[in-house]
Structure formats: C-alpha cells, structure tokens
Amino acid sequence: MTNMMVSPARKLLAREWWRGATIYQIYPRSFADSNGDGIGDLPGITARLDHVASLGVDAIWLSPFFTSPMKDFGYDVADYRGVDPIFGTLDDFDDLVARGHALGLKIIIDQVYSHTSDVHDWFQQSRADRANPLADWYVWADAKPDGSPPSNWQSVFGGPAWTWDARRGQYYMHNFLSSQPQLNLHLPAVQDALIDTARFWLDRGVDGFRMDAINFSMHNPALTDNPPAPPSNAPRTRPFDFQRHIHNQSHADIPRFIARLRAVLDGYGDRFTVAEVGGEDNDREMKAFTADNRHFDSAYGFDFLYAPKLTPGLVREALERWPDTPGLGWPSWAFSNHDAPRAISRWAAPAHRDAYARLTMLLLLCLRGDVFVYQGEELGLDQVDIGFDDLKDPEAIANWPLTLNRDGARTPIPWCDPAPALGFSTGKPWLPIGPDHAALAVSRQQDDPASMLALTKRLIALRRGRDALLLGDMRFTEASDTVLSFERSVDGDVLLCAFNLGAGDPDWLPGDPENWRIIERVGTGKGWQLGPFGGVVAEQITT
C-alpha cells in the first residue's frame with residue numbers, strides 16, 4: 001500500500017530538538033566520492049546532503065573523518081583537530097556544516113576519547129621516556145617479574161591488551177588494536193585536553209557528539225586481573241570473549257568526567273550527546289552516563305545491533321528498561337550501523353528482505369527514544385558478502401572466518417544506475433559494491449511512490465508529526481511469538497502500533513477496534529489483518 005490517510009497536522013508540544021529525533025548515520029568512506037579516488041569524502045557528503053534532508057531527518061551523525069593512519073578507519077585518531085586528507089580539509093568540513101544547517105540538519109560528529117593512534121604526537125612524546133611532560137598521558141605499566149604483561153586483560157580485536165615498548169621498558173595498554181594506545185583519562189590534564197578538543201568542534205558549529213566506546217575510557221589503576229566469563233552457549237571467537245571485563249573498563253569515575261564535559265556543552269546551548277555503550281553491564285552504565293540531566297543526553301547499546309533474530313520479546317525487554325521515570329536518561333536505538341551486519345540480512349531470509357526492511361523501518365520509527373537510521377537503510381540495502389582478498393576490516397582479517405565482517409555493512413551507497421560504480425565514484429571503490437544494489441539505487445527509487453525510499457520518507461514524516469511518537473510513553477499490549485503491539489501516548493495524542501514479525505498471518509485484533517483508525521501500514525494485510533511481515537499504526541478516535 002503506497003498511501004495512507006494521515007490526520008490533519010496538529011500543533012506539536014515543545015521539546016528539545018533531539019528528543020525523539022531521527023538521526024541519519026553517514027560513514028564517510030562509503031557515502032559519496034567527489035575526487036575519483038574510490039573513497040568517500042566531505043565534499044561528496046556535502047553534495048549529497050539534499051538526499052539526506054529530503055528524508056526528513058533531524059540530524060546527521062558523521063563517523064570519524066579526523067587525521068588518521070586508518071588502521072581502524074578513523075577510530076585511531078592522530079590529530080583530534082585535523083581532517084584527514086583523504087576526506088578533505090577543515091574548510092570542506094566548514095562547508096558541510098554550513099550546507100547542513102542551511103538544509104535544516106543538525107551535525108553530530110564522533111569523539112573518540114578512550115584511545116588515540118600510536119602516531120599521535122601525544123603518544124610519540126609519552127613513549128620517549130618516563131620523565132617527559134606527557135609520560136603519564138597513556139596507560140603504562142611495568143612487566144611482571146617473569147616479563148609477562150601486567151594483567152591478563154585481552155583486547156577486543158584479539159590477543160593481550162598490552163604491548164611491550166622497548167624505549168620506555170614498559171608495556172602500554174590498548175583495548176583495541178595495538179596501534180590504539182589507551183589514554184589515561186584518570187589524569188586531569190588528559191581530560192582538559194579532550195575537553196579543549198570538544199570546544200574546538202563546538203566553536204566550528206557542530207551540534208553534538210556521539211561518544212565512541214565511552215565505557216572503555218577508564219580502567220582500574222590497580223591492574224587487577226579480569227575473572228573468567230561464566231560458561232555460555234554463545235560462540236567465543238576471541239580471547240576477549242573468555243573474560244568478564246570488570247577491570248579494563250567501566251571505572252566508577254567515568255560519570256564524573258562526563259559531568260565535566262556536560263558543563264562545557266551546556267555553555268553552547270542546545271547541543272546533544274549520545275554515548276555508545278556495549279558490554280555485559282551496559283544497561284547500568286548507560287543509565288549512569290545519562291542520569292539527572294548532568295551527564296550525556298542519551299545512550300545506545302547493542303540490544304538490536306548484533307541480535308541474530310528480532311522477536312517481540314527482545315523489543316519489549318529492551319524498551320521496558322527505559323521507562324518514563326524522572327532522572328532516568330533518554331534512550332537511543334539503532335538496528336544497523338557501521339560495526340554490525342545489516343539488520344535485514346540478520347533477521348530475514350533473502351526472499352523476505354524487502355518486506356522485512358519495510359516492517360523494521362516502521363518499527364524503528366515507532367520506538368520511544370531517538371532513532372538512528374544507518375546510510376542505506378532507507379534504500380533497503382542488505383549485507384554484502386566480502387571475500388577475504390577484498391577485506392579491509394582488521395578484526396575480520398585477524399579472526400577470519402569466524403568474526404562478524406564489518407566491511408559488508410560499509411559498502412558504497414548506490415546513487416545512480418547504470419553509472420560507473422553506481423554513481424559513488426568515478427574510480428574503483430575501496431570496497432566492492434553489492435551485486436544486487438543497482439536495483440536499489442537512489443535513482444531507481446526516488447520517483448517510485450511504492451519504493452522503500454518513499455516509504456521511509458513517509459514514515460519519518462509520520463514520526464515528526466506526532467507527539468505520541470516523539471515524546472509519548474510506551475505501554476506494551478502484546479508480545480507473543482510473532483506479534484508485537486504497544487501504545488504510544490502523550491497529552492491526548494494516542495497511537496496503537498502493531499507488528500507481525502513472522503511469515504504467517506496471525507489472527508490479531510486490538511481489544512477495542514472501533515476506537516481506532518488506521519493511519520499507516522506496511523505489508524499486504526487489509527483492515528486489522530497484519531499479514532506476513534506487516535504492521536499498522538492507528539490513532540485513537542476522539543469524539
């Protein structure tokens with residue numbers, strides 16, 4: 001069904017711009033290439049911002065574009081205040097911000113505060129000896145008497161979280177690659193330097209930050225060994241999976257640093273911060289990092305990003321952990337991003353992916369909190385199977401073939417069929433383009449009212465036009481094997497949202513169908529019939 005009758009526009013309740021926002025994630029390497037080198041860049045993004053604005057989103061989140069040796073594709077920062085030449089210049093960034101603002105888009109950028117690149121000037125000075133002014137800016141420790149590392153901590157990307165440095169005669173810590181040494185955020189001088197970095201970008205007009213891996217930013221200075229993880233049926237493909245990560249991350253002082261940073265952000269007005277928080281204790285940490293309007297505005301975890309299956313129970317469990325309670329932070333949700341395989345490839349068989357893309361877009365945009373749409377979701381892109389010879393992801397290469405391949409979610413956006421490289425670049429793209437992505441190109445969908453792209457625009461408009469979806473509380477009315485339903489309501493605006501996450505045709509009705517009017521649907525169902533992979537949104541009829 002391509003068109004639904006939507007109720008007349010109503011005056012919306014006042015809110016912060018980010019509360020209930022729809023935020024579009026751009027992975028710069030793969031969005032649009034302006035100079036033919038096969039790698040996306042800032043001018044390419046700027047040239048394509050009209051597409052993003054046409055979706056109706058509130059903001060964009062840019063993954064790292066900072067100066068970097070690109071061993072982890074920008075999350076190994078060599079200069080927090082520089083733009084890597086492959087992406088352009090600071091002037092290009094300023095142009096992007098100006099164009100985005102002119103189109104009504106807020107600009108959010110990554111900040112990576114747990115580690116830097118090993119070629120960062122700070123680390124080069126720190127490693128020179130034990131007496132220089134930056135000697136303690138990173139986490140250094142002596143070897144054990146037998147020469148082994150100071151603790152049993154393991155890195156996310158495989159192997160010990162310690163690397164020996166002969167110049168210092170000590171080990172340095174790294175939670176990720178050995179080329180990503182851990183900053184000592186316990187040190188006030190390091191906090192000051194990072195806060196100055198935040199000011200630099202705020203002064204250039206950015207509207208907020210996505211805080212990368214913030215729960216990895218402080219360790220236990222006692223360097224206590226991590227205990228083993230309890231037995232589990234979950235696959236263990238890395239040494240990291242065999243431990244409980246109690247001491248290498250998640251220190252109790254992290255919220256104090258966040259409060260310092262928040263005080264600076266408050267001086268810039270309506271800025272927004274969202275934290276990425278993973279790990280076994282992420283629910284407690286997300287709430288500590290967003291509590292009482294003195295910390296970050298929001299946080300998102302990994303409830304959906306690595307889930308092998310989407311179930312009503314999973315949605316209910318994740319959302320019910322974030323009730324509308326004073327002092328509790330505001331959640332954010334994402335089904336896909338640059339680190340996780342695309343959701344429709346995890347959750348649906350190939351024959352059902354188009355229907356599932358539509359269903360999950362409707363579900364995402366009905367959730368309470370902020371929602372992140374990853375580039376290509378609006379087109380229905382699936383995960384691309386990248387062969388070993390084409391891999392760029394260091395984690396996938398190190399753990400081939402057992403670790404989830406992040407490259408398959410990072411492939412270039414198909415802009416124009418039949419242009420070379422589907423309009424992404426005039427050169428050879430840095431990753432292969434999906435073999436079935438030509439049919440999903442923007443040029444193929446933009447004038448088709450029945451396309452995934454058209455649906456995405458319509459659903460975002462629905463969200464932006466309803467207080468219940470932007471601000472409303474959430475009450476679940478069903479979460480069976482395949483059927484999920486909940487009500488969203490605030491200040492007289494009441495919506496019923498129902499979804500069939502399965503391929504069957506369930507016999508479902510709301511308790512009082514005469515009190516509701518359907519205003520949106522996906523799938524092939526008619527009336528209150530959901531149909532396979534179908535969903536509806538209905539508004540309460542008022543008299």
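Biologist: Which residue does Arg458 meet in a salt bridge?
Modeller: Glu520. In this predicted model, the two side chains come to 2.7 Å, N to O.

Biologist: And where do those two sit?
Modeller: Arg458 is in helix 13 (residues 452-464) and Glu520 is in strand 17 (residues 516-522), so the salt bridge ties together parts 62 residues apart in sequence.

Biologist: Is Glu520 buried or exposed?
Modeller: Buried, at a relative accessible area of 1%. Arg458 is buried as well, at 18%, because the cut-off for buried is under 20%.

Biologist: OK, what about Arg260, what does that one pair with?
Modeller: Asp192, with the closest N and O atoms 2.7 Å apart. Those are distant parts of the chain too: Arg260 belongs to helix 6 (residues 254-266), Asp192 to helix 5 (residues 188-203), and 68 residues separate them.

Biologist: How accessible is Arg260 there?
Modeller: Partly exposed, with 37% relative accessible area. Asp192 is partly exposed too, at 35%.

Biologist: How many salt bridges are there in the whole structure?
Modeller: A search turns up 40. Another of them joins Asp212 and Arg210, at 2.9 Å between the closest N and O atoms. Asp212 counts as buried at 7%, and Arg210 is buried at 0%.

Biologist: Switching topic, what do the strands of the barrel look like?
Modeller: There are 8 of them in a closed barrel, in the order 1-2-5-9-10-11-12-13, with parallel pairing. On average, neighbouring strands are turned by 25 degrees against each other, ignoring direction.

Biologist: How many bridges hold strand 1 and strand 2 as a pair?
Modeller: 4 bridges, between residues 22-26 and residues 59-62. Gln25 stands opposite Trp61 of strand 2.

How values were computed: Residues are numbered from 1 along each chain as its sequence is written. This is a predicted model: local features need pLDDT of at least 70, side-chain atom pairs count only at pLDDT 80 or more; totals for chains, interfaces and linings use all residues. Side-chain values use heavy atoms; hydrogens and water are left out. Two strands pair if DSSP finds at least two bridges between them. Axes are lines fitted to C-alpha atoms, for helices over the stretch in contact, and angles run from 0 to 180 degrees between N-to-C directions. A salt bridge is a side-chain nitrogen of Lys or Arg within 4 Å of a carboxyl oxygen of Asp or Glu. Buried means under 20% relative accessible area, exposed over 50%, partly exposed in between (1.4 Å probe, protein chains only).
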